Amino acid sequence: MLVILDFGSQYSELIARRIRETQVYSEVLSYRTTVSQIKQLNPQGIILSGGPNSVYDANAPQCDPGIWDLEIPILGVCYGMQLMVQQLGGIVERADRGEYGKASLLIDDPTDLLTNVEDGATMWMSHADSVKQLPEGFEVLAHTENTPCAAIAHHEKQLYGVQFHPEVVHSIGGQALIRNFVYHICECEPTWTMAAFVEQATREIRAKVGDKRVLLALSGGVDSSTLAFLLHKAIGDQLTCMFIDQGFMRKNEPERLVKLFQEQFHIPVVHVKARDRFLVKIAGITDPEEKRKRIGHEFIRVFEEESKRLGPFDYLAQGTLYPDVIESADTNVDPKTGERVAVKIKSHHNVGGLPKDLRFKLIEPLRKLFKDEVRKVGKSIGLPEEIINRHPFPGPGLAIRILGEVTEERLEILRDADHIVRQEINRQGMYSKFWQAFAVLLPIRSVGVMGDQRTYAYPIVLRFVSSEDGMTADWSRVPYDFLETISNRIVNEVPGVNRVVYDITSKPPGTIEWE
């Protein structure tokens with residue numbers, strides 16, 4: 001395995017994902033992790049992530065300096081490289097000119113870390129500081145027009161640093177660099193496979209659960225469905241799946257889901273119809289965080305009530321994933337030290353919405369996986385393609401695709417518009433081209449003309465994005481005729497809508513969901 005020490009970068013999880021793509025396990029730990037704790041994990045290498053701080057800031061996060069004596073390879077990325085330089089006696093200063101975006105990497109030493117990385121390859125830069133003086137024993141491996149020390153190494157001690165971000169897709173040759181570090185420098189073996197994960201997860205589930213009963217919140221998405229199959233494989237009849245119809249699902253989905261699991265997969269599902277109580281719970285609420293939390297709280301309350309009716313359950317299983325965890329980070333400032341850490345983007349209903357008086361013990365076997373890894377797990381245990389390739393759908397459902405207050409009228413409008421979107425992308429064979437493709441309803445009205453009469457109705461926003469893991473995303477370039485077809489159908493077939501617009505914002509700066 002490899003350890004990643006996180007200094008607050010939004011890309012720390014992405015580094016882990018890139019390493020796992022080489023079939024080597026990686027784990028993200030706090031930069032506060034001590035050398036003794038690292039030794040217990042026995043990693044073959046360490047990567048220091050980027051971060052928002054400058055190393056010379058008064059409260060800049062520092063790693064345990066004892067890591068330099070572990071005699072295992074270490075790679076510093078951006079802030080991680082600067083910290084390496086500073087702690088080992090070099091000098092880091094504010095650069096005369098910052099470097100952001102794409103830059104050509106000019107290679108001075110094409111061996112070792114930069115083997116098979118093309119000279120002049122584009123790399124993604126994001127830094128205002130720069131290394132002014134290298135520590136003793138280090139040498140420059142590469143530079144850019146603006147950065148003299150873009151890649152450095154102490155070959156004897158196997159210490160390496162890069163000023164750019166090899167983990168992002170914009171860095172051409174970045175994955176080759178990561179593979180060099182993983183295989184040639186750390187000498188790892190490609191043993192991290194989804195088949196190995198299933199075997200290990202099955203053992204851990206059985207050991208943790210014993211003879212107790214588990215309640216699973218089934219939504220029908222790839223995460224909860226994969227978890228249902230995995231748990232059923234591990235503990236069989238000790239698992240009870242419960243589908244809560246909270247009224248925020250897509251058109252006809254509740255009925256289709258229950259029928260699919262019970263008749264085709266032979267996994268019993270308790271269908272709880274609770275639409276009215278959820279609508280009451282968020283009536284008049286316009287703040288997206290408050291909506292998410294209220295829905296999350298109500299989910300747990302329903303679970304507790306139904307579990308009492310069905311019999312006692314010790315565990316609540318959830319399909320929490322790595323991106324859920326990183327985006328639900330509690331704060332961007334450590335309250336004790338003032339140090340900056342990962343910034344909170346939004347609460348996920350299965351992370352930020354859990355009440356403090358939760359009666360269940362949580363079991364989250366997928367918590368360390370990315371979406372693409374979950375799909376591989378699902379495929380390896382027999383999950384059908386229609387679920388494996390299903391677009392991500394948020395736990396709070398359409399409630400967070402309606403901006404502002406959620407009402408029954410707005411839900412019906414959005415359900416019908418979303419149904420048209422899905423019909424058309426399937427009809428055109430474009431479903432697999434998108435990471436997500438959906439409709440959003442805005443809580444405003446605009447003037448239109450239909451049948452020579454004035455209308456005053458809602459706009460629908462179309463949001464189609466491409467992505468590899470949901471951490472970053474780009475808006476999809478689709479044919480105008482395709483958009484026109486969807487727009488015409490929505491305006492003509494969905495009462496209450498007279499305008500359709502297309503969202504061309506990437507993530508960042510936006511998020512995929514609007515709330």
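## A walk through the predicted model

Leaving aside neighbours within four places in sequence, Ser26 is in contact with Leu2, Ile4, Ala16, Ile19 and Arg20, where contact means heavy atoms within 4.5 Å. Before going on, please note that this is a predicted model, in which local features need pLDDT of at least 70, side-chain atom pairs count only at pLDDT 80 or more, and totals for chains, interfaces and linings use all residues. Residues are numbered from 1 along each chain as its sequence is written, and side-chain values use heavy atoms, with hydrogens and water left out.

Back to Ser26, which sits in strand 2 (residues 26-30). Helices (H or I, at least four residues) and strands (E, at least two) are DSSP runs, numbered from the N terminus. Ser26 is buried, at a relative accessible area of 0%. Buried stands for under 20% relative accessible area, exposed for over 50%, and partly exposed for what is in between (1.4 Å probe, protein chains only). A polar atom of the Ser26 side chain lies 3.0 Å from the backbone oxygen of Ala16.

**The protein as a whole**

The protein has 14 helices and 19 strands. Its radius of gyration is 25 Å, close to the 24 Å that the globule rule gives for 515 residues, so it is as compact as a globular protein of that length. That radius is taken over C-alpha atoms, and the globule rule is 2.2 Å times the number of residues to the power 0.38. Along its principal axes the C-alpha trace spans about 75 × 65 × 45 Å.

Of the 515 residues, 57% are buried. Among contacts with a separation of 6 or more, residues 24 or more positions apart account for 74%. The exposed surface comes to about 22,100 Å², with carbon and sulfur atoms supplying 48% of it; these areas come from the Shrake-Rupley method with a 1.4 Å probe, and for residues only the protein chains shown count as cover.

**Strands around strand 8**

Two strands pair if DSSP finds at least two bridges between them. The table lists pairings that involve strand 8 or strand 9.

| Strands | Sense | Bridges | One bridge pair |
|---|---|---|---|
| Strand 7 (residues 139-143) and strand 8 | antiparallel | 3 | Val140 and Ile152 |
| Strand 8 and strand 9 (residues 159-162) | antiparallel | 4 | Ala153 and Tyr160 |
| Strand 4 (residues 74-77) and strand 9 | parallel | 4 | Ile74 and Leu159 |

In a regular strand the side chains alternate between the two faces of the sheet. Strand 8 (residues 151-154) has Ala151 and Ala153 pointing one way and Ile152 and His154 the other way, and all are buried. In strand 9, Leu159 and Gly161 point one way while Tyr160 and Val162 point the other, and again all are buried. Ile152 stands opposite Gly161 in strand 9. Strands 8 and 9 form a hairpin with 4 residues between them, and Gln158 in the turn has a positive phi of about 60°.

**Nonpolar cores**

A nonpolar core is a set of buried Ala, Val, Leu, Ile, Met, Phe, Trp, Tyr and Cys residues joined through side-chain atoms within 4.5 Å. The largest one has 88 residues, and those with the most contacts inside it are Phe261, Ile460, Phe464 and Ile490. Helix 6 (residues 222-235) gives the most to this core, with 8 residues. Apart from it lies another core, of 38 residues, including Ile15, Val24, Met125 and Val162.

Not counting residues up to four places away in sequence, Ile460 touches Leu414, Ala417, Ala439, Val440, Leu441, Ile490, Val497, Arg499, Val500 and Val501.

**Two buried loop residues**

Thr320 belongs to the loop between strand 13 (315-317) and helix 10 (322-327). At 0% relative accessibility, Thr320 counts as buried. The Thr320 side chain makes a polar contact with the side chain of Glu364 (2.8 Å). Such a contact is a pair of N or O atoms within 3.5 Å; within protein, one must be able to donate a hydrogen and the other to accept it, and residues adjacent in sequence count only if both atoms are side-chain atoms.

Phe313 lies in the loop between helix 9 (288-310) and strand 13. Phe313 is buried, with a relative accessible area of 3%. The C-alpha atoms of Phe313 and His127, which are 186 residues apart along the chain, are separated by 50 Å.
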